[in-house]
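User: Hi! I am new to reading protein structures, and I would like help with cavities and sheets. Could you walk me through them?

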Amino acid sequence: MLDIGVVIPQLSKYGGAERLVVECITRWQHKHKITIYAERFNSEMLEEHGIGRDVALRTLSPQIEGNTYSFLLNATFTPKLWSGEIGQHDVYNTHLWPLHLLDLEPAVWYPHEPLRMLYDLKNDKDLISITSEEERRVHIYPKYNYDNVNKSFFQPMLRSASSFDKTGNPFRIVANSKYCASYIESVYGRQASRVVYPGVTVEDFLPPIANEYILTIAQLWPHKRIHLILQSMRLMDNMQLYIVGSGPEKQQLIRQAKELGVYDRTFFLSDLTNHEIQIVFSRALAVVFMPVREPFGIVALEAMAAAKPLVAVNEGGYIEVVDDRCSFLIPPHADVLAEKLLWLKQHPLESAAMGVHGRELAQQYSWDRTAKELLEELEDAHDAWKNKNSLQLTSSNDGPIFGAHYYGWYGNGLGSEHWNDSAETGTVTEMPQLGYYSSTSGDILEQHLHMAENVGLDFFFFNLHINSNGPIQREMEAFSLMLERAAYLKSSVKICLQLCLYDCTEAILEKIWITLFSKVFRHPTYQQFKGKPLLSIFWTGQYDGDVAFLKNLRKHSAPVTLLASSLRLYPPHEEPALTFGAFDGWSLFSPLELASPEHREKLWREAYSHASAGQQGIRCFTVSPGYDDTALVASARQWNSHRNVPREDGKVYRQMWDTAYTLPQPPDIMIISTFNEFHENTQIESTVSSGSQYLELTRSAIKRGKDTWKK
Amino acid sequence: MEKMSHPTPAYLVIDENEFAFSDKDEIAFRVFPKGEALTSGNVFIVDIYAADDHSHPNGHAGWWEYPLTGSTSVDVRVTCTEKGLTTFFNGESAQTFWQNDKFHIAGRTLIMHLVVREWRSTTILFNDPISLYPDQKKLEASKPCVNLGDLPDDMPLRWFIWPAQQRVKIVFGSLNSKGSQTLCRQLAVLLSKNNISFKIYAHEYSNTQRKSVQPVEYLCHDAKKEDLIFFVLAEGGPALSIVANLSCKKILYHMHLPDYRRYQAFDAEFARKLEELADQQHLIMKFDGICYESEYTKKIVTQSLYKQASLSLLEEWGACQTPDGIVTISPIGICDKNSNSPKCSTETLFCTLPKGSPEFLPQRLALTMTKPGIPQSLGSFPPSLWRKNWDKINEEECHHPEMFILSVGSFRPDRHHETTLQIFAEVAKQHPSLGLVIAGWPFINGYWDYLRFLRENIYSQYASRIVFLQSCNEGQLKYLYKRAKLFFSACSHEGYSGSIIDALSFKLPIVARQTTSTASLLGQSGLQFNNSIHYSDVAHDILTVCQNCDFYKSIVNNQGGNIHQRKFLSANTFFDSLQKTILHKN
């Protein structure tokens, strides 16, 4: 089962794009987990199509409305805003323009059509920007209205949107016709990975009931060429025209119909139910479809399914699915259109035969087929993307993985958070070479990532402290930023979380789990272990024996590899009664604090031999360069008899690594405690007093470890 | 003659309502173009069909066109020769015409449409269908023999003096439906029996109705200031606009209007007329009073009129609406504007401030409350002035299955006969012989076609058990009501349901969709279903009624209390509305 995120600007009306999404989801929902993102939903429409409650609906911020820059903002800013609102999924299926600009991976973009006013319609001012003195009008589907743009802004805005348009880089693109595929290639210079035609459910359409009027179905925009159909009406007496659709051109078209003297025979229909649309089809003489280079044009398929002859302009995507036995493909000329329609009226038998053939042909283009082909593409994209990423993991996972505890709690400058802000918990005695930095500085985080990459670290355990108010905000921001910067740098260093729970309520934990699963664990730079996201819990022993807490923890963490980073030892025979098998693996957080120098190594080895305390028996070994929290005056620390373990110029650190090399079995995870915990002086980060000595030590230790433990 | 301050529509006046060909096989008459027919360069067309076949080309005798460029009268002569019909205008042959050489005229009654059309399009501005009889004998034979069979024995009488010079003009938009025809006939009988002078006008009517009905456009020259219009609003069209702009007193009878959207798929033209009514609501404000089909209709329409009036008032006051929906009004001058505005009524309350109030405030304050003005309500009554007197109607045999469910209603979408078929199919699956009769009257052709399609295709296995009776007369209805096992209605229309009253009269168990209308007639009795109930459950109830005698009797007994004896309520309310408008306001 895949977790698929489907994104479409709106899912409230029943246009071609929306229909495709609804029809596909109707068929996917029983096989995969589906979440739909849109700024607006029509729940009745979804219900009518049998989209069940298992499909999650998530509302996005509305598009920008009502100012001069609406168009430009919606073409650039809105997709970026939405990117942050969309959760993590295995694969994304994004629909319509400009959702190729979403920063989601891996995304399969089904554009339906590029923004045509930027490309093939840009030179036809009548079609896309009916001019007034001071304003031009622009439109982005699926909005029903135009955005008014100041005349002098019009071209610069189009150029800006066009430039930005090229920055989109979805993992794959699926076109709705060969014509559209070539159009996409001409615009974006990328080949569509596949053509998936929209479909139709022939059985839903009533057989012909009558041959009363000409039918056209289209949203009322200039490029749908409804005016041409109206002009042809003037050449046909006693014919009625039914136009099904809404749009901003309606009043203009009514005016034209009146001018042409055909208004009494021309009817604009809207707000029809699906069944009523089928009735309208069944009573029609023929279906007319005259849009300018429609990328696909689902109406053609519907006309065929309804067994009605199609008279359509010979351009666009739908001509790939019709043939001359069910349709007249004509140039966009009113007289030719009128001639063909009159012929159909005068030849009812031939007309019926065309309908019968169309219905047979339409059977090939079912929604089942569309849904199946698009799903195949999504599954394939997911597999390809996963393989690509797992290759990276495999290469770094050749032997143990090396991580370091990381702290993102520092404020900006001495005296701010965690830089000597509190005698009890904030005292520091060393100054980093980067200065008293801010953990929410992207530049600092990038430098830390570079340092980690240079020494050969595979990942950071990012320590996130959570209290009764939830996660510490600064740490949360720093963590998000680090994920983002790591992705931006394409860093080989991954990130995973270590949760440090203090007075954390159940409700807060529930929220955190939702965030982790929707946004964090599937992030491309999040550290995975054995195919699952790696998560560590800082284990003080506070929750030992708390059945409810631990069972809840186990329940939520089933899809992850859960480590305990413990302040205490974890004899396997005691853990079932203390932690009820909640963890997959155990590690020591601060091994230097646990024993006097003469007993340390024995204790580390003993702890290492207790790997079976974890459900998966993951072998973890933790090394530290030293420990000294004597500058902290917190009373809770006073009892610790090993609170000052001097580094001895790297000797302690080297001793720990040497122990690791001689372990009876190679570790699965080597953990450095820590990268930048300055209060306890366990940091390996470069400092003013010791320079990069401990980074260098780490680099050579990891290199040796990789050589030693290479599988 | 009244002077019209609004542009008058294009129309033709003709003094005759019907014609017969003379011994010379010709008819001659004069028409008088009126209103915009005179000024806009339209064309006048004589378009003739057979009365028994209105199709083109088989039943089409031909058409003859004459340009109306300033002609105040046109002499028309239609001649019948061996070659067919020909029409002459002012003694000359038509320049533009189409004549059907294959049309057989011998002995046939014809319909002559007198049409005004825009010169450059096919838009018909005026259409007056008039019968042409082959000879005088046929004309005489066609004189209506009014069937007063359902008249009540004790006709309701007015209790007030009617001014002799006062004439009532009964106006319909369309007289095509069975309901409007019944109401029209009852109004005519009631006024006639009470010695109140009246005339009937309509925009849409048939050539047979033309004998007693005049085109609504005639009101433009026919309506006098002292006349009283009773206008029945049941759908859109030009009639409302014509009537609203007359300066005589006017009563609007507001029928319950269906949702136009549900008519689009079956008859877009009809749907358009309904839709256009929404834009004509300001015209309703011009009436002196409104009668409503039901209290529910009154509630819906009144709300809508208040909204319209409020918006109009706010516009007059120059009110502004902020983006968050708050309306701000500058108070300066509002009272002055109110005092003379017909758009609102005001009420002023005075209060004295308590001692200790700030000195800068006056001791007494006046609070003026303004309420938008809408035409007064003259009561609610169903569009049937009295219940049918079934005892006086003779049964007329018609085809039906041996045991059957009966449903009665015009063939229009809000009657939901397709639901009736769907539920019947569920019933028929479980009952081997029970049939269904849907008796109705033509209304929306597209919907009629759709129902026949459903019977022949979707429910073909039960088609032999499903009977559609179009244009059922009252004798046939009586025959069916007396023999039906059960009455069923899926109608969602919130207007008056005469067929449920009839079913109650015949003591039939009733299964009906729950609406405000059915609930008002049935109370808690019968079996009423709503949209949340699955059709198979409704089918199960129907089968239970048909197969379980005790259940059948209990349903009928419970319904018994709902046959009200208020048989003249509508007539009396109608008289009330006339009295209030004419006498009290005079």
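Analyst: Happy to; we will take cavities and then a sheet. This is a predicted model, where local features need pLDDT of at least 70, side-chain atom pairs count only at pLDDT 80 or more, and totals for chains, interfaces and linings use all residues. Residues are numbered from 1 along each chain as its sequence is written, chains are lettered from A and ligands numbered from 1 in written order, and side-chain values use heavy atoms, without hydrogens and water.

User: How many cavities of 30 Å³ or more are found in the whole structure?

Analyst: Rolling a probe the size of a water molecule over the atoms shows where empty space is left. Here the search finds seven such cavities (on a 1 Å grid over the protein atoms alone, sets of points where a 1.4 Å probe fits but cannot get out; lining residues have an atom within 4 Å of a point). The largest holds about 60 Å³, a volume being the space filled by probe spheres set on the points, which are joined across faces, edges and corners.

User: Which element gives the largest share of that cavity's lining?

Analyst: That is β12(B), with three residues; strands are DSSP runs of E, at least two residues, numbered from the N terminus. The lining includes B:Phe172, B:Phe231 and B:Leu240.

User: And what is the strand order in the open sheet of five strands?

Analyst: Strands of a sheet pair through backbone hydrogen bonds, either parallel or antiparallel. In chain B the order is β1-β3-β6-β7-β8, with antiparallel pairing (two strands pair if DSSP finds at least two bridges between them). The edge strands, β1 and β8 of chain B, each pair on one side only. Strands β3 and β6 of chain B pair over six bridges, and B:Arg30 stands opposite B:Asp75 in β6(B).

Key. 1 Å grid on protein atoms, 1.4 Å probe; cavity = no way out; pocket = protein on both sides within 12 Å on 5 of 7 lines; lining within 4 Å. Helix = DSSP H or I, 4+ residues; strand = E, 2+ residues; numbered from the N terminus.
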